[in-house]
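Grab a pencil and work through the exercises below. Try each task yourself before you read its solution.

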Amino acid sequence: MPSKSKSVFDVLVVGSGASGGWACKRLAETGLKVALLEAGRPQSDANFSEHKPAFELKYRNLAPDIVRKTRPIQSKFDVCSEYNYDWFVNDLEEPYTTPKDKPFDWMGRLRMTGGRTNVWGRVSLRFCDTDFKSASQDGYGEDWPLGYSDLAPYYDLVEKYVGVTGMAEGLEHLPDGQFQPPMPLTCQESFFRDRIKEKLGRTATLARSANLTRPLNGRGPCHYCGPCERGCVTHSYFNSAFTTVADAIATGNCTLISNAMVHRVLMDPNQSRARGVLYIDRQTHQPHEVIARVVILCAQAQESVRILFNSATSQYPNGLGNSSGVLGHYLTAHVRSGGGNGDFPALGGKPSRGGPVKPVGIYVARFRNLKGQQPHKKFIRGYGYEGGSNLDFNWDADGFGAAYKKAILEPRVSFELTGFGEVLPRWDNFVEIDPNVKDVYGIPVLKIHMSDGENERAMIQDMGDSAGEMLEAAGAKNIRTHAHPSAPRWALHEAGIARMGADPKKSVLNQFQQTHDIKNLYVMDASGFTSNPCQNPTLTIMALCVRSCDFLMQELKQGA
Ligand SMILES: Cc1cc2nc3c(=O)[nH]c(=O)nc-3n(C[C@H](O)[C@H](O)[C@H](O)COP(=O)(O)OP(=O)(O)OC[C@H]3O[C@@H](n4cnc5c(N)ncnc54)[C@H](O)[C@@H]3O)c2cc1C
Ligand code: SF4
């Protein structure tokens, strides 16, 4: 028999990452009693190692096999290393499955307070009406049930709190925000920016990023040490563990329950209402129930949808919120396997060991299929690029002795561009429960079906070609481009498997991320995205979450 919590909470939030942190902060600060259930351990400054040299590690960060043993999937992305691999899910204990012909690397699965925001790349970009209303423009898929003007005040609110360094550009398709002063571009980045604007009319701007350049709410400005994915003792990048979640707990209204792996939402069979959740304690493997008036899932898109499927009852045999049959379908995640690199002159720069490291590069704004443009012949929607320059020693220099010592000091500057492209929401990219496999806690796992379509393949090719075109326009030498099919598929920006929509027959959530079927059940992570525009998703996840919390508070005031 599961044990029951003594308290009954107003709201129960599952997951403490980008979305869950905001839900807790917004609701606890208005006086609601919130329980935050997080599968991972508590996070603290004592775990941060951004200033620790590799020689202080047991294996000097030189034994990837040690990490791979328990994190064969997580360690495929280099942010999971000997420094921090115990923040990530143990892939053997918490597996998922895929069809044999559709391998998918589900990376960035964190098990710490703060979720993915512990290690994220921090690029923070707004969506625009071309994104929210893309179906009206090109006829594919569905428009979002809200527009830019609905979200703009929430983008403002979130950016001011998070602290986003950025440059205003006045572009309609990449709206400006409430920026902290910009981190400087390198000489090569400025050079690239000027040349591609002049020759191709494209905009390369500072990658708008959740790194502080001014003090904010007790957090210090960035001191350019580099590896943000290992934590930050000055709290200079945005991680919900030391921002939103800490604020929520400081109110005295938010109770963090760590190591709580939520298995299912509990339903009141007589009222079609959620009444709490059942979770498994990850340390004791014992079940517990927590009761609340409202349940909000913020466990990251696939994890939240897994909970909805695992919560099926005789009244809801296909999973909660799934009267439309759409739950689990339209999985999207950016493709990023097209791009290029080239060499630039050093322009007076000198390489150094242990010098400052700028944690932010550039972002090239989308330039395909914008409003009023001739549509591209081979694909719809668009892509942007992340990239930047890297000044290093000439490690490949030839020779020996004094000649080698001299040659190695010759600065080398490489310039990299990686495309991030929109993936169309397609019915046949989906997740479901695998009836044959359970995780170590006895919870059925997901089976993920995901592959690229024709639109993605054509877009990736164009990402490679356009990267070459821009590098050439900027005067780079030794240009190399790439445009691989993204197989195995992998992702860090998954979205769309409990989509929002105005029509309950075609969607799971309304525009406030409330399930159409169960009025006190919300899903406030990216699973609600109706489409997944090429800009990175997290700023929009957070803005939507705050907006939905404001709606929820109104509902509660009206006694819903
Ligand atoms: C390496 C990397 C780089 C990235 N770079 C960027 C970027 O530059 N810009 C950008 O916009 N986005 C980026 N992202 C994506 C970004 O981190 C996510 O979009 C964002 O964190 C998602 O927020 P979330 O609240 O949905 O989930 P998360 O932040 O992942 O939080 C989910 C939390 O829920 C918990 N949880 C899961 N299942 C359960 C359960 N059953 N019970 C209880 N708790 C559970 C998890 O432990 C986790 O703590 C990056 C991600 C990674 C991994
Ligand atoms: S680069 Fe800046 S934000 Fe990143 S860990 Fe260092 S000080 Fe913190």
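Helices (H or I, at least four residues) and strands (E, at least two) are DSSP runs, numbered from the N terminus. The model is predicted, so to speak of a local feature you need pLDDT of at least 70, and side-chain atom pairs count only at pLDDT 80 or more, while totals for chains, interfaces and linings use all residues. Residues are numbered from 1 along each chain as its sequence is written, and chains are lettered from A and ligands numbered from 1 in the order in which they are written.

**Exercise 1. Place Arg489**

Task: Find the element that holds Arg489, and decide whether Arg489 is buried or exposed.

Solution:
- Start with the element: Arg489 sits in strand S18, which covers residues 489–491.
- Next, the rule. A residue is buried if 20 or more other C-beta atoms lie within 10 Å of its own, exposed if 12 or fewer, and partly exposed in between, with C-beta atoms placed from the backbone.
- Now apply it: Arg489 counts as buried because it has 24 C-beta neighbours inside 10 Å.
- Who touches it? Two residues are in contact if their C-beta atoms, placed from the backbone, lie within 7 Å. Leaving aside neighbours within four places in sequence, Arg489 is in contact with Phe104, Met450, Ser451 and Asp452.
- Finally, a distance: Arg489 and Gly17 are 472 residues apart along the chain, and 24 Å separates their C-alpha atoms.

**Exercise 2. Look around the ligands**

Task: Work out which residues come nearest to ligand 2, and which are closest to ligand 1.

Solution:
- The rule here is that a residue is near a molecule or strand if its C-beta atom, placed from the backbone, lies within 6 Å of it.
- Ligand 2 has 13 residues around it, and Cys222, Cys225, Cys228, Cys232 and Ser236 come nearest.
- Sort them by class: Ala, Val, Leu, Ile, Met, Phe, Trp, Tyr, Cys and Pro count as nonpolar, Asp, Glu, Lys and Arg as charged, and the others, Gly among them, as polar. That gives ligand 2 a shell of seven nonpolar, five polar and one charged residues.
- Ligand 1 is surrounded by 40 residues, with Gly15, Gly17, Gly108, Gly115 and Gly121 the closest.
- Two or more residues of that shell come from each of helix H1 (18–28), strand S8 (260–268), helix H8 (301–310) and helix H11 (538–557).
- The classes around ligand 1 are 20 nonpolar, 14 polar and six charged.
- Zoom in on H8: nine of its ten residues are buried, including Arg306, Ile307 and Leu308.

**Exercise 3. Build the sheet**

Task: Trace the order of the strands in the six-strand open sheet, and say which strands stand at its edges.

Solution:
- First, pairing: two strands pair if DSSP finds at least two bridges between them.
- Follow the open sheet across and you read S6-S12-S13-S14-S11-S17, with antiparallel pairing.
- The edges are strand S6 (204–206) and strand S17 (477–483); each has a single partner strand, so one side of each has no neighbour in the sheet.
- Check some pairs. Strand S13 (residues 383–392) and S14 share ten antiparallel bridges, and Gly387 has Leu417 of S14 as its bridge partner.
- On to strand S11 (residues 338–344), which six bridges join to the antiparallel strand S14 (residues 412–421). Here Phe344 is partnered by Val413 in S14.

**Exercise 4. Cross two helices**

Task: Determine how helix H5 and H11 are packed.

Solution:
- The angle between H5 (residues 148–162) and H11 is about 110 degrees, and their axes are 8 Å apart. Axes are lines fitted to C-alpha atoms, for helices over the stretch in contact, and angles run from 0 to 180 degrees between N-to-C directions.
- Angles under 35 degrees count as roughly parallel, over 145 as roughly antiparallel, 65 to 115 as roughly perpendicular and the rest as oblique. H5 and H11 are therefore roughly perpendicular to each other.
- Among the residues making this contact are Leu151 and Tyr154 of H5 and Leu539 and Met542 of H11.

**Exercise 5. Hunt for positive phi**

Task: Compare Arg122 with Ser272.

Solution:
- Background: most residues other than glycine have a negative phi.
- Arg122 has a positive phi near 75 degrees, in the loop between strand S3 (104–106) and helix H3 (129–132).
- Ser272 has a positive phi near 50 degrees, in the loop between S8 and strand S9 (273–281).
- Arg122 counts as buried, with 24 C-beta neighbours inside 10 Å, whereas Ser272, with 14, counts as partly exposed.
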